[in-house]
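Please study the sequence and the structure shown below. Each exercise sets a task and is followed by a solution in steps.

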Number of protein chains: 2
Amino acid sequence: MTDFAATKAMFHLPDGVIYLDGNSLGPLPRAATARMARVVGEEWGEMLITGWNAAGWMEQPRRIGDHIGRLIGAEPGQVVVGDTLSIKVYQALASAIEMRPDRKVILSDSGNFPSDLYMAEGLIRTLGRGHELRVVPPGEVAGHIGPDIAVMMLTQVDYRTGRMHDMAALTAKAHAAGVVTVWDLAHSAGAVPVDLAGCSADFAVGCTYKFLNGGPGAPGFIYVAPRHSDQVRPALSGWLGHEAPFAFDRDYRPGAGIERMRVGTPAVLASAALEAALDIWDGVDMQALRARSIALSDRFIAGVEAACPTLRLVSPRDPQARGSQVSFRFEHGYAAMRALIDRGVIGDFRAPDIMRFGITPLYLGEAEIDAAVAILADVMGGALWDRPDYKRRQKVT
Amino acid sequence: MTDFAATKAMFHLPDGVIYLDGNSLGPLPRAATARMARVVGEEWGEMLITGWNAAGWMEQPRRIGDHIGRLIGAEPGQVVVGDTLSIKVYQALASAIEMRPDRKVILSDSGNFPSDLYMAEGLIRTLGRGHELRVVPPGEVAGHIGPDIAVMMLTQVDYRTGRMHDMAALTAKAHAAGVVTVWDLAHSAGAVPVDLAGCSADFAVGCTYKFLNGGPGAPGFIYVAPRHSDQVRPALSGWLGHEAPFAFDRDYRPGAGIERMRVGTPAVLASAALEAALDIWDGVDMQALRARSIALSDRFIAGVEAACPTLRLVSPRDPQARGSQVSFRFEHGYAAMRALIDRGVIGDFRAPDIMRFGITPLYLGEAEIDAAVAILADVMGGALWDRPDYKRRQKVT
């Protein structure tokens with residue numbers, strides 16, 4: 001039985017704020033403050049260079065990877081953290097393509113996060129061997145799987161709409177056609193139950209600053225199925241992925257298994273906050289989290305649709321087809337979101353017209369959902385988007 | 001006039017420690033503690049997602065890059081931080097190779113840091129177009145520059161010996177032969193005066209956790225000469241290098257100038273410590289730092305050679321050919337270094353037999369140098385390397 005009141009108490013949430021943007025940047029775990037002070041003051045400050053061994057910095061990427069693995073259906077030794085999600089996409093995709101030298105198509109969908117598509121473009125240019133990035137609508141991915149496809153690269157949960165792919169079904173269909181799979185779990189890890197082993201996924205990547213609450217710019221992660229991890233040869237062959245980094249050999253020899261997906265010196269300070277954030281999950285049952293996510297999401301949808309008829313739901317109504325966010329289309333969504341944020345309800349906006357709300361049961365309950373609906377209804381009634389201070393500005397959200 | 005007593009006071013140095021490993025991991029700047037607490041508590045904790053604008057997180061990589069630029073002879077807008085040094089090597093090298101499509105050789109030397117060579121290997125494999133990594137002894141680089149060379153990729157200061165390349169002369173010779181240059185400043189930035197603009201360097205990369213004191217795993221940086229930066233097309237084309245990241249366009253369009261060398265979401269927490277560390281340099285004159293580095297290094301060499309005749313200097317005796325470290329060869333160097341560290345003098349060891357000492361005037365003076373020499377002499381006299389507890393262990397240093 002997961003105690004969500006207890007998990008909520010583990011976060012610092014500012015007074016007067018209802019935070020519905022944990023799908024973009026999770027809030028501060030209270031334990032991260034002390035953990036960060038310790039890594040700075042006691043580890044870096046006192047241990048200096050000896051911290052690499054004495055404080056376990058060198059093993060941190062594996063240790064944290066194992067912790068994330070428990071949330072996504074991976075065994076110990078199959079996940080490692082480091083770099084950013086974009087870099088991890090490049091690594092996974094480069095290794096996946098190399099497994100199908102006779103095929104030239106990378107299949108993805110228009111709901112993928114743009115950076116994944118951009119990294120694929122860059123890799124294709126670097127490869128210079130005529131690969132094609134084929135981007136189809138999300139609903140048409142299954143129909144495009146076939147013997148011409150080398151790699152299917154998908155983000156499981158759409159960053160704008162929350163639409164969720166059936167990972168098991170698509171992976172099975174891909175494998176039947178000899179297609180290697182790369183799953184981006186940016187909006188899945190910590191949001192929905194993921195079973196990489198059960199799906200026989202080949203590669204998976206993700207970030208840790210959204211539902212895993214690792215802090216702004218926290219490292220990415222990568223999973224490689226154990227049946228591949230001793231075979232793949234990394235494109236980004238950095239010294240910490242070497243079999244013996246401190247032998248300083250002239251030639252690269254990949255490390256054992258997932259170790260070869262490490263690249264450069266790990267981000268020790270950033271990882272300390274992430275490690276504190278992951279401890280929160282030790283008492284959390286992912287099925288219980290999922291049930292509560294669905295209940296809160298359905299409650300939010302019902303409340304908004306009743307109170308704000310001009311907002312149009314773009315997330316799937318079927319909870320099984322939806323991740324842990326709810327999005328609505330509204331012509332003046334940018335201004336409306338700004339007005340909402342000014343009232344203390346923080347969601348975010350994605351061009352051209354999507355108002356996006358993350359549903360994060362670790363620190364949100366019915367009271368926050370109902371209050372957010374009431375304030376949103378009030379904002380919508382005020383039609384503030386014609387006021388000059390809410391007009392679109394050229395800024396990130 | 002640089003006040004080195006003042007800069008020393010800006011660092012936390014543990015009691016009883018003489019720290020001669022700032023070339024590996026710089027010590028904790030006192031200001032980093034408060035800065036880190038602020039970014040965690042006041043920025044992440046209170047601003048949540050709005051920190052990207054309100055706290056300037058999004059501009060941080062450029063702002064910090066400009067600060068580093070001042071130490072390496074670059075103008076504002078020519079340096080950006082992010083990722084790790086290994087990733088930045090890959091970016092620079094991929095862009096440099098593309099500028100010489102008709103040439104196939106990457107020239108480097110055996111004194112380069114292995115990760116640079118490994119990353120080049122990985123890139124060559126990914127390119128799959130028959131490039132060759134030609135690794136020659138450091139003294140023979142100039143003789144190998146010619147019209148067959150696409151890119152000369154060198155680390156200016158040798159991580160083991162401290163031997164320093166003449167960047168201006170080698171760059172000029174490279175350019176005369178149409179060769180594009182990539183300089184790794186890992187042991188140069190904050191260690192010796194660097195004048196990238198004066199040398200007409202094409203690309204430069206570096207790390208920030210050594211002489212720049214940014215903390216364990218602090219981000220890397222990359223410089224692209226302004227004559228190239230609007231032309232190069234990044235291999236690692238991540239969303240934050242896009243012209244308009246938050247337009248979420250389907251296709252990648254590189255951002256203006258150095259912005260295109262950004263990849264994924266920046267490491268905000270890690271960068272906060274780095275930014276605090278860089279503030280220390282505002283009162284430092286690089287020529288004064290260099291003069292003091294040479295004086296302290298010469299003093300250390302003279303002291304060690306007088307007191308420890310079995311240690312053999314492997315760093316250049318000519319200070320103009322040396323960076324800001326001093327290294328000695330000794331058969332039992334590993335055990336001797338362990339014994340030295342147990343006595344509070346922290347240097348490090350690089351296989352097979354190099355004892356390495358960083359000379360960092362920001363926080364080291366004559367008193368520390370003389371004390372380190374005395375303790376080293378005592379350790380050497382004790383011949384502790386035959387004791388079982390000092391035998392080589394299979395551990396990183």
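The exercises below concern a predicted model.

**Exercise 1. The relation of the two chains**

Determine which turn and which shift lay chain A on chain B, and name the relation.

Solution.
- Step 1. A turn of 180° with a shift of 0.0 Å along the axis lays chain A on chain B, and the RMSD is 0.0 Å.
- Step 2. These values therefore describe the relation of a two-fold axis.
- Step 3. The same surface serves both copies, since 100% of the contact residues of chain A recur in chain B.

**Exercise 2. The contact between the chains**

State how many residues of each chain are in contact, and describe the side that chain A contributes.

Solution.
- Step 1. The contact involves 74 residues of chain A and 74 residues of chain B.
- Step 2. Several elements of chain A give two or more residues to this side, among them α2 (30–47), α5 (85–98), α6 (114–127) and β14 (348–350).
- Step 3. Sorted by type, the residues on this side of chain A are 44 nonpolar, 20 polar and 10 charged.

**Exercise 3. An open sheet in chain B**

Give the order of the strands in the open sheet of four strands in chain B, and explain which strands stand at its edges.

Solution.
- Step 1. The order is β11-β12-β15-β14 in chain B, with antiparallel pairing.
- Step 2. β11 (312–313) and β14 (348–350) of chain B each have a single partner strand, so they stand at the edges and one side of each has no neighbour in the sheet.
- Step 3. Two bridges join β11(B) to β12(B), residues 325–329. In this pairing, B:R312 has B:R329 of β12(B) as its bridge partner.
- Step 4. Helix α11 of chain B (residues 286–307) lies across β11, β12 and β15 of that chain, and runs at about 20° to β12(B).

**Exercise 4. Strand β9 of chain B**

Decide whether the residues of β9(B) are buried or exposed, and identify the strands joined to β9(B).

Solution.
- Step 1. A residue is buried if 20 or more other C-beta atoms lie within 10 Å of its own. Five of the five residues of β9(B), residues 203–207, are buried.
- Step 2. B:F203, B:V205 and B:C207 point one way from the strand, while B:A204 and B:G206 point the other way.
- Step 3. Three bridges join β8(B), residues 180–184, to β9(B), and these two strands run parallel. Here B:W183 stands opposite B:A204.
- Step 4. Five bridges join β9(B) to β10(B), residues 220–224, and these two strands run antiparallel. Here B:C207 stands opposite B:G220.

**Exercise 5. The nonpolar core**

Name the residues that touch the most other members of the largest nonpolar core, and list the residues that B:V151 touches.

Solution.
- Step 1. The largest nonpolar core has 269 residues, and those touching the most other members are A:L93, A:V151, B:L93, B:V151 and B:A273.
- Step 2. Leaving aside residues up to four places away in sequence, B:V151 touches residues including B:L93, B:A96, B:I97 and B:R100.

**Exercise 6. Backbone features in loops**

Locate the cis peptide bond that ends at B:P352, and compare the surroundings of A:N213 and A:F248.

Solution.
- Step 1. The bond from B:A351 to B:P352 is cis, with omega about 5°. B:P352 lies in the loop between β14 and β15 of chain B.
- Step 2. A:N213 is not a glycine, yet has a positive phi of about 60°. A:N213 is buried, with 29 other C-beta atoms within 10 Å.
- Step 3. A:F248 also has a positive phi, near 50°. A:F248 is partly exposed, with 16 other C-beta atoms within 10 Å.

Note on methods:
Residues are numbered from 1 along each chain as its sequence is written. Chains are lettered from A and ligands numbered from 1 in the order in which they are written. This is a predicted model: local features need pLDDT of at least 70, side-chain atom pairs count only at pLDDT 80 or more; totals for chains, interfaces and linings use all residues. Two strands pair if DSSP finds at least two bridges between them. Two residues are in contact if their C-beta atoms, placed from the backbone, lie within 7 Å. Axes are lines fitted to C-alpha atoms, for helices over the stretch in contact, and angles run from 0 to 180 degrees between N-to-C directions. Copies are superposed by least squares on the C-alpha atoms of residues with pLDDT of at least 70 in both. A nonpolar core is a set of buried Ala, Val, Leu, Ile, Met, Phe, Trp, Tyr and Cys residues joined through C-beta atoms within 7 Å. A residue is buried if 20 or more other C-beta atoms lie within 10 Å of its own, exposed if 12 or fewer, and partly exposed in between; C-beta atoms are placed from the backbone. Ala, Val, Leu, Ile, Met, Phe, Trp, Tyr, Cys and Pro count as nonpolar, Asp, Glu, Lys and Arg as charged, and the others, Gly among them, as polar.
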